[in-house]
Structures are given as structure tokens and as C-alpha cells.
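This report introduces a protein structure to a reader who has not met it before. It considers accessibility, charge and backbone geometry in turn.

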Amino acid sequence: MWRLLFLSLTLMYIGECSPSYHDKLQTRWMGTTNDIVTHKPHHKVRGPPDHNKLVAMARYVLHNCDWASIATISILPAIEGFPFSNVKSVVDGSMANSTGIPYFYMSPLDFTARDLSKNSRATILVSLEETRYCENQKYDPEDPRCTRLMLSGKMKKIKEGTPEYLFSKAALFERHPAMANFPPDHDWFIAKMKIAQIAMVDWFGGAKYVPVRDYLAYNYTGAEMLDYHNRRVKLDKA
């Protein structure tokens, strides 16, 4: 009996230490540095651009984040006029076609949409902490090397049925498939930010300001999210 128990435990241990077992445990993207670096056995990925490449870094961070903190001016009676922050799922285009423009799927029943109906000004924040890059590098989320990007501007509702509406909705549903099952009676709409200022902390020495025109004109060709998605699909089918 004891020999049988020992044999069973040994087989379990060998199975858990096999490459395929570890690969499946590490299906979530874990960013590293700009070079190819091993995070754990059997797992290598390419990380963000060099911190001196401001425009490339800004576009990388937004494209690789799934959600944003969005700050608006509250209309709640108890805190009217106060800044109020909320979490929203975000995309900047499809996985294969980054635009740099943040798009959101919103309901007028939500805090954020109500605030924006009175004052369209907002600031959104995304951080490399979302990609697990900072955790992997052992950076605290407030460490300046854990890049955080702050986009400020005015939010605008996209007219339903336009090419931009169809593109952004497809992109949102591609990255966030659960949206297809959101309650249909919540009057969902798509909003985007017309960016007025871009601030970013990606290294020591304080915030840097990225010219909006350069940011939007940059031809971002990173395929990290698309590659990550394809890997997940393959693993799900395995």
C-alpha cells in the first residue's frame, strides 16, 4: 500500500514539473525588459521599448493594457465638483491595429457616463503594472520605472453605425468578449477621448510630456497582444 502511494505521488510530481505543465500555468503575459529575458523556465517574452523612446513607450503602454482608471468631475450631490475615479475596460484599436486613441464601452447608468454628460473633461491612467512587467522586474507600482501614462482630454460619444463605431466596437468585443453578454437594456454606447495632453512617468527625473501629434502619428506595429491572444487560443485547444 505504501509503495503504491509513493509511486502515485512521484508520478504527480513528475507530471507537474514537465514543461507542458509549467507552460499552461504561465499563459498570462508576463512582460520583461526590452531584450528577450527568461522569466521562468519555458517562458520568454519581449518587453516594452527603451524608456528614452517616449512616443513608442506611450503607445506600447496603452495598447497593452486592458483597463484604465478614468477620473471625471463628479455630479454626485455629496461630492459635486470633486474628482471621481472609476475603472473602465479600454482598447486603442484592434489587437492588430493600434490607433493610440482610447475607446470605451459605456452605459448612461454608470458614474462615469453621468459625470461626462455634464462635463466631458477626463483623465485616464494606464500602467505597466497591468501587464505584470513591474511585478516581474520587482518594481513597486509607484516606482518610476513602472511606466504610467496619463491621457487628458475631452470624451466624445461616437455616432452609431459610422466606420469608426464599427471598428471600435469590434475592437472592444475582440479584447473584452464578455461585453457581448452585457445587459442589452443599458443603452450602451462607445466613447473616445480627444487627447489634449499626454503625461508619462517612465524613468527617474519626473514626468515627461509627449506631443499629441507625434503620439497619434506614430506607426505602432507591436503585435504583443495579438501574439498573446493566439498563444491562449492554442493552449485552450491543446
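A residue counts as buried when its relative accessible area is under 20%, as exposed when the area is over 50%, and as partly exposed in between. The structure shown is a predicted model.

**A positive surface patch**

With a relative accessible area of 53%, Lys156 is over the 50% cut-off and is therefore exposed. Lys156 belongs to strand β8, which covers residues 148-157. Together with Arg121, Lys154 and Lys194, Lys156 forms a positive surface patch.

**Salt bridges**

Side chains of opposite charge can pair when their charged atoms come close. In this model there are six salt bridges. The table lists three pairs, among them one between Arg175 and Asp66.

| Pair | Distance between the closest N and O atoms |
|---|---|
| Arg132 and Glu135 | 2.7 Å |
| Arg175 and Asp66 | 2.9 Å |
| Asp202 and Lys208 | 3.0 Å |

The salt bridge between Arg175 and Asp66 has its closest N and O atoms 2.9 Å apart. Arg175 is in helix α6 and Asp66 is in the loop between α3 and β3 (67-73), so this pair ties together parts that are 109 residues apart in sequence. How accessible are the two partners? Arg175 is buried, at 9% relative accessibility, whereas Asp66 is partly exposed, with a relative accessible area of 32%.

In the pair of Asp202 and Lys208, Asp202 is buried at 1% relative accessibility, while Lys208 is partly exposed at 22%. Glu135, which forms a salt bridge with Arg132, is likewise assigned to a class by its accessibility: at 42%, Glu135 counts as partly exposed.

**A covered helix**

How many of the ten residues of helix α3 are buried? Helix α3 spans residues 54-63 and is mostly covered, with nine of its ten residues buried. The buried residues of α3 include Val55, Ala56, Met57, Ala58 and Leu62. Arg59, Tyr60, Val61 and His63 are also among the buried residues of this helix.

**A polar side chain in strand β7**

Ser127 is located in strand β7, which runs over residues 121-127. Is Ser127 buried or exposed? Its relative accessible area is 11%, which is under the 20% cut-off, so Ser127 is buried. A polar atom of the Ser127 side chain lies 3.0 Å from the backbone nitrogen of Glu129.

**Positive phi values in two loops**

Two residues are described here for their backbone angles. Lys138 is a residue other than glycine with a positive phi, near 65°. Lys138 is placed in the loop between α5 (133-137) and β8. With a relative accessible area of 76%, Lys138 is exposed.

Asp187 is also a residue other than glycine with a positive phi, in this case near 55°. Where does Asp187 lie? Asp187 is found in the loop between α6 (163-175) and β9 (189-201). At 56% relative accessibility, Asp187 is over the 50% cut-off and therefore counts as exposed.

**Summary**

The predicted model holds six salt bridges and a positive surface patch that includes Lys156. One salt bridge, between Arg175 and Asp66, joins helix α6 to the loop between α3 and β3. Helix α3 itself is mostly covered, whereas the loop residues Lys138 and Asp187 are exposed.

Key. Residues numbered from 1 in each chain as written. Predicted model: local features only at pLDDT ≥ 70, side-chain atom pairs only at ≥ 80, totals over all residues. Heavy atoms only, no water. Patch = residues over 30% accessible without salt bridge, like charges linked within 9 Å, V, L, I, M, F, W, Y side chains within 5 Å. Areas by Shrake-Rupley, 256 points an atom, 1.4 Å probe, with all protein chains shown as cover. Salt bridge = Lys/Arg side-chain N within 4 Å of Asp/Glu carboxyl O. Lys, Arg positive; Asp, Glu negative; His and termini not counted. Charge placed at Lys NZ, Arg CZ, Asp CG, Glu CD. Helix = DSSP H or I, 4+ residues; strand = E, 2+ residues; numbered from the N terminus. Buried < 20%, exposed > 50% of the residue type's maximum accessible area, 1.4 Å probe, protein only. Polar contact = N/O pair within 3.5 Å; in protein donor to acceptor, adjacent residues only side chain to side chain.
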